[in-house]
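This report goes through one protein chain, from local details at its helix to its overall dimensions. Please keep the sequence and the model in view while reading.

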Amino acid sequence: MTGENSFIRLSRDAGKTLADRASHWRVLWCPAGAGTVLFLQSELTDSKVRIYSDNPGVARWLQKTIEALLFPAFADTSLPVIGAEFARGGDARSTAFETITSTTDRIRMTWWDTLEPFVLTMAPGTNGRPIGVFSTFFPARSAQIELNGRFATAQVWAEQRGDRQSSSACLAWSESWVKPRG
């Protein structure tokens with residue numbers, strides 16, 4: 001898979017528990033084609049998982065291959081995929097945002113006040129995961145999730161990724177997930 005996986009995770013207790021989790025994928029290539037997907041579980045959705053996509057096949061492929069490893073609640077293929085349009089704006093150097101529009105919902109994810117970007121490389125087999133990742137991260141000190149004019153109220157928190165200062169909200173661009181041959 002080649003593309004992007006930006007995310008926002010918000011908490012009221014510095015990450016011990018999550019109030020809101022959004023995993024946004026812009027897939028340029030995978031075996032199911034290209035497409036954009038948002039997996040969302042939030043206090044704004046009564047903690048229910050919602051999946052939005054412009055290509056349901058890409059959503060299902062991500063569920064089976066990657067989200068099953070990252071966050072199993074997003075991997076439930078019995079959940080419906082809500083048709084949506086996606087639009088990106090802004091810039092990681094100031095404020096970046098993604099707007100997701102379906103027939104019933106308008107979601108806006110926003111990241112700002114980014115830290116120094118860094119490259120994350122994990123070979124297949126790292127941490128027991130069968131796939132590896134190569135990604136450029138732009139950690140954000142601040143982020144928000146808006147759903148139909150309501151805002152999530154929990155906060156981003158600082159965290160370490162290896163030897164790098166990061167956060168629970170990152171823009172991840174130029175990302176590739178690889179599975180070993182064999």
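A polar contact is here a pair of N or O atoms within 3.5 Å, where within protein one atom must be able to donate a hydrogen and the other to accept it, and where residues adjacent in sequence count only if both atoms are side-chain atoms. The model is predicted, and local features therefore need pLDDT of at least 70 and side-chain atom pairs pLDDT 80 or more, whereas totals for chains, interfaces and linings use all residues. Residues are numbered from 1 along each chain as its sequence is written, and side-chain values use heavy atoms, with hydrogens and water left out.

At the start of α1, a side-chain oxygen of asparagine 55 comes to within 2.9 Å of the backbone nitrogen of glycine 57. Helices (H or I, at least four residues) and strands (E, at least two) are DSSP runs numbered from the N terminus, and the chain comes to 1 helix and 14 strands. Helix α1, residues 56-70, has a kink of about 50 degrees centred on glutamine 63, the bend at a residue being the angle between axes fitted to the seven residues ending there and the seven starting there. Buried means under 20% relative accessible area, exposed over 50%, and partly exposed in between, with a 1.4 Å probe and protein chains only. The buried residues of α1 include glutamine 63, together with Val58, Ala59, Trp61, Leu62, Ile66 and Glu67.

A nonpolar core is a set of buried Ala, Val, Leu, Ile, Met, Phe, Trp, Tyr and Cys residues joined through side-chain atoms within 4.5 Å. The largest such core has 26 residues, and those with the most contacts inside it are Ile8, Leu38, Ile107, Trp111 and Ile145. At least two residues of this core come from each of β1 (2-10), β3 (35-42), β7 (95-101), β8 (106-114), β10 (132-147) and β14 (169-178), and β10 supplies the largest share, 5 residues. Another core, of 17 residues, lies apart from it and has Met1, Ile51, Ala59 and Phe74 among its members.

Which strand holds histidine 24? Histidine 24 is found in β2, residues 20-29, and counts as buried at 1% relative accessibility. The side chains of histidine 24 and glutamate 98 are joined by a polar contact of 3.3 Å. With contact meaning heavy atoms within 4.5 Å, and not counting residues up to four places away in sequence, histidine 24 touches Glu98 and others, including Thr36, Leu38, Phe86 and Met109.

Most residues other than glycine have a negative phi. The table lists two aspartates with a positive phi.

| Residue | Phi | Location | Relative accessible area |
|---|---|---|---|
| Aspartate 46 | about 55 degrees | loop between β3 and β4 (49-53) | 62%, exposed |
| Aspartate 113 | about 60 degrees | strand β8 | 36%, partly exposed |

The structure holds 0 disulfides, a disulfide being a pair of cysteine sulfur atoms within 2.5 Å. Cysteine 30 is buried, with a relative accessible area of 3%, and cysteine 170 is buried at 0%.

For the chain as a whole, 49% of the 182 residues count as buried, and the C-alpha atoms fill a box of roughly 50 × 35 × 30 Å along the principal axes. The radius of gyration is 15 Å, which agrees with the value near 16 Å for a compact globule of 182 residues; the radius is taken over C-alpha atoms, and the globule rule is 2.2 Å times the number of residues to the power 0.38. Among contacts between residues at least 6 apart in sequence, 57% join residues at least 24 apart.
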